[in-house]
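Reader: Hello! I would love a close look at a single part of this structure, with enough of the surroundings to put that part in context. Could you walk me through it?

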Amino acid sequence: MPAPLIQTQQVVKRFGALVANDHVDLTVEAGEVHALLGENGAGKSTLVKMLYGLLQPDAGRILWRGEKVVLDGPRAARRRGIGMVFQHFSLFEAMTVAENVALALDGDEPLPRIAARLAEVSRAYGLPLEPGREVWQLSVGERQRIEIVRCLMQDPQLLILDEPTSVLTPQEAEGLFATLDRIRAEGRAVLYISHKLEEVRRICEAATILRHGKVVARCDPRAESAASLARMMVGSTVLGVTHEAAAPQGPVRLAVASLSLPPAEAHGVALRDVSLSLHGGEVLGIAGVAGNGQDELFAALSGERLAPRAEAVLLDRRPVGREGINARRRLGAAFVPEERLGHAAAPRFPLSENALLSGHAAGGFVAGGLVRRGQLLGFVDEVTRTFDLRKGTRDPEARALSGGNLQKFTVGREILRRPMVLVVAQPTWGVDAGAARRIRQALLDLAAEGSGVLAISQDLDELLEIADRIAVMFHGRLSAPLPVSGLTRETLGLLMGGSGFPADAPEAA
Amino acid sequence: MTLLEAILLTVITASTPLLIAAIGELVVEKSGVLNLGVEGMMIMGAACGIVAAIATGSGALGVIAAILAGMAMAALFAALTLGLAANQVAAGLALTIFGIGLSGVVGAAHVGAQRAGIGKLEIPVLADIPFLGPLLFNQDPFVYASFALTAGVAWFLTRSKAGLVLRACGESAASAHALGYPVLRIRFLAILFGGACAGLAGAYLSLVLTPFWTSGMTAGRGWIALAIVVFASWLPWRAALGAYLFGGITILQLHAQGAGFRVPPQLMSALPYLITIVVLVLIMRLRRGGTAGPAGLGLPFVPDR
């Protein structure tokens with residue numbers, strides 16, 4: 001039997017006191033699609049960064065076709081035949097596709113030759129790309145194609161994909177799977193990192209599961225269920241959320257009527273004729289591929305950007321389109337933006353002050369112009385208790401919390417104030433399964449008490465789990481909401497890809 | 001020689017140091033580093049250039065000393081901003097203040113000491129073309145060098161792989177690092193190049209333009225060079241245009257004063273700086289707030305290891 005393509009033996013990587021990889025053994029055979037599973041912070045990214053030469057192991061060895069190798073940089077890894085597609089793309093927005101590809105190729109091939117070869121490879125793998133386009137004009141799916149094509153142009157034996165489908169529509173993901181099949185058929189191996197267990201079960205024939213930096217299991221995912229894989233990742237059973245089917249429709253809490261807004265910045269998206277109504281007692285999901293106007297919609301709902309007319313946004317039938325975020329909060333609305341650090345929370349402020357930042361308008365924390373610290377600390381304790389925050393001290397700085405814990409805090413501080421309307425963007429983005437479940441359950445409980453919850457998310461599984469109705473954003477337009485019962489991923493995927501939306505008017509010259 | 005020819009000749013001499021310094025800073029900024037210390041590097045080049053030229057009696061050695069002085073100042077800046085990941089704005093301002101002070105010390109013994117300027121380099125045949133000949137082909141070597149630099153940098157940035165890598169470092173240091181490029185080393189080389197250019201521009205001031213030393217003789221030209229880079233939206237040939245525009249304004253206000261315009265001379269001297277501000281505002285307006293600058297400009301990068 002030939003030596004495995006790549007093997008790590010007892011690899012250790014430490015960051016200060018944290019052991020990110022603790023004696024990890026991983027074996028990938030040629031021609032297989034191998035899944036690397038684990039929760040956030042389990043050490044998956046650290047491990048693949050070592051395979052790609054971006055980090056050096058503190059102990060242990062890496063074997064390539066049975067021989068010990070030292071990968072002292074991505075160049076060395078690429079020379080062996082290891083290619084990597086990053087989770088957060090390593091593309092340069094202001095450059096063309098061909099230039100981006102040239103940067104990933106070693107050697108001094110002239111650009112026109114690269115462009116020609118790029119066109120050839122992208123045709124052969126069914127990944128259409130225009131070499132001359134600048135990256136900022138491209139969709140997320142197209143950007144990923146660049147990353148994959150430029151790896152394939154190096155003729156790799158091992159392709160590492162870090163959460164490749166988290167940003168794709170279901171149809172785009174199907175396209176990716178077809179490409180992976182082709183790559184496997186050519187005898188190349190793929191190391192596939194993903195959170196999406198159904199997807200892993202479908203396309204991977206082997207899996208290594210990490211928890212807290214250690215390998216806890218190896219299995220054939222095709223022989224497992226999504227639930228058993230999740231159990232191995234988390235180490236305990238992950239419960240689903242309980243969702244009372246179709247709560248009775250309450251009064252309209254939040255309404256948007258034919259709202260159009262020009263883009264706020266050069267590469268932004270314009271909102272075009274967006275209408276929606278959110279009833280008390282329901283969760284309305286807004287799906288869509290990132291960058292189709294969700295950020296702009298959030299800003300318009302929260303009052304970070306004002307609408308042209310006051311009547312464009314109604315909160316409990318009161319026109320608030322020209323009111324700022326504090327006025328809307330006073331009327332009983334609450335907002336959780338997507339970016340945890342820097343938008344939802346000030347990184348260097350303690351949690352109590354972060355609670356004050358979003359809670360001062362609605363009252364309770366300030367008396368006679370003075371901050372009531374005791375009240376604030378009590379509030380932080382309450383969020384901690386209700387949402388099971390794990391933190392070192394009673395009132396740490398926001399940046400000291402892990403992503404999941406900070407997310408629980410930013411969602412929790414709004415929910416505990418019992419808002420009449422909650423607008424939340426990417427409620428569980430980058431959060432591990434346990435924290436995600438808790439946040440989703442809290443959103444459902446809030447809705448069950450009669451509030452309206454509007455959840456903007458790219459995670460279709462999440463929306464299908466918690467929403468009563470789902471609308472899709474595409475190029476700044478919002479589809480009519482569809483009831484979740486009987487709604488398929490395919491229907492949503494087609495909408496996310498733009499079918500059913502009016503064709504865009506040509507850009508004004 | 002007609003008056004027009006004379007004016008155009010002085011425009012060229014006023015613009016050349018601006019162009020050389022701006023081209024250097026353009027490369028630095030394309031690599032993602034904002035070095036506000038151009039003025040400081042330039043004046044150190046001017047001081048060391050003339051001191052070395054007087055000491056050795058050789059203009060060429062003076063120029064080399066000026067370039068080395070600019071690079072030494074740039075290396076100091078690089079040690080702070082790349083090695084210690086210090087704030088680039090603060091380090092650049094400190095470099096300017098430090099350079100102005102240190103140059104005063106270096107040049108103290110030679111204040112007002114005259115020496116013959118560096119001679120002109122006449123290109124045979126071409127220099128005999130009427131009007132254009134003396135303007136374009138009978139200039140000092142610096143003028144030719146400034147255009148060679150502009151052409152070289154324009155080619156380097158758009159056509160060469162190394163230039164592509166340098167721009168990549170300026171767009172996203174993290175991405176360039178992830179692809180395996182030594183971001184800090186590339187930025188270090190870019191900063192050194194910027195320092196060399198600023199030193200060369202300084203040498204032009206003290207060896208050609210006014211062939212003697214007075215403290216503070218750069219008189220804000222380093223700042224104008226910085227403004228030119230933005231004005232040019234980081235394009236080398238547009239930087240040449242900008243340098244000549246600003247050089248032209250400087251000369252124009254001199255002639256306006258000579259022609260007896262009843263405007264306080266202080267106000268006239270401030271004109272180039274006022275125009276700089278106006279032009280910058282106009283550019284920002286035209287681009288609706290966006291800039292064509294490198295996305296990673298001014299952001300320190302620390303690779304995790």
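Author: Happy to: what follows starts with one helix of chain A, then moves out to the chains around it. This is a predicted model, where local features need pLDDT of at least 70, side-chain atom pairs count only at pLDDT 80 or more, and totals for chains, interfaces and linings use all residues. Residues are numbered from 1 along each chain as its sequence is written, chains are lettered from A and ligands numbered from 1 in the order in which they are written, and side-chain values use heavy atoms, with hydrogens and water left out.

The part to look at is helix 5 of chain A, residues 140–152. Helices (H or I, at least four residues) and strands (E, at least two) are DSSP runs, numbered from the N terminus. From first C-alpha to last, the 13 residues of helix 5 reach 19 Å, close to the 18 Å expected at 1.5 Å a residue; the expected span is 1.5 Å times one less than the number of residues.

Is this helix buried or exposed? Eleven of the 13 residues of helix 5 of chain A are buried, so the helix is largely enclosed by the rest of the structure. Here buried means under 20% relative accessible area, exposed over 50%, and partly exposed in between (1.4 Å probe, protein chains only). Among the buried residues are A:Val140, A:Ile146, A:Ile148, A:Val149 and A:Leu152, and the list also includes A:Arg143, A:Glu147 and A:Arg150. The cover over them includes strand 6 (82–85), helix 3 (97–104), helix 4 (111–124), strand 7 (158–162) and helix 6 (170–185) of chain A.

Another helix of chain A makes a handy companion. In helix 11 (residues 351–359), seven of the nine residues are buried, so this helix too is largely enclosed by the rest of the structure. A:Leu351, A:Asn354 and A:Leu356 are among those buried residues, and their cover includes helix 10 (325–330), strand 17 (366–367), strand 18 (370–371), helix 12 (373–387) and helix 13 (403–415) of chain A.

Now for the chain that holds both. Chain A has 16 helices and 23 strands, and 54% of its 509 residues count as buried. Its radius of gyration is 24 Å, which agrees with the value near 23 Å for a compact globule of 509 residues (taken over C-alpha atoms; the globule rule is 2.2 Å times the number of residues to the power 0.38). Along the principal axes, the C-alpha trace of chain A spans about 75 × 55 × 40 Å. Of the contacts (heavy atoms within 4.5 Å) in chain A with a separation of 6 or more, 66% join residues 24 or more positions apart.

Chain B has twelve helices and two strands, in the order α-α-α-α-β-α-β-α-α-α-α-α-α-α along the sequence. Buried residues make up 51% of its 305 residues, and its radius of gyration of 19 Å agrees with the value near 19 Å for a compact globule. The C-alpha atoms of chain B fill a box of roughly 60 × 45 × 45 Å along the principal axes. Helix 9 of chain B (residues 183–209) has 27 residues and reaches 37 Å, close to the 39 Å expected; this helix is mostly covered, with 21 of its 27 residues buried.
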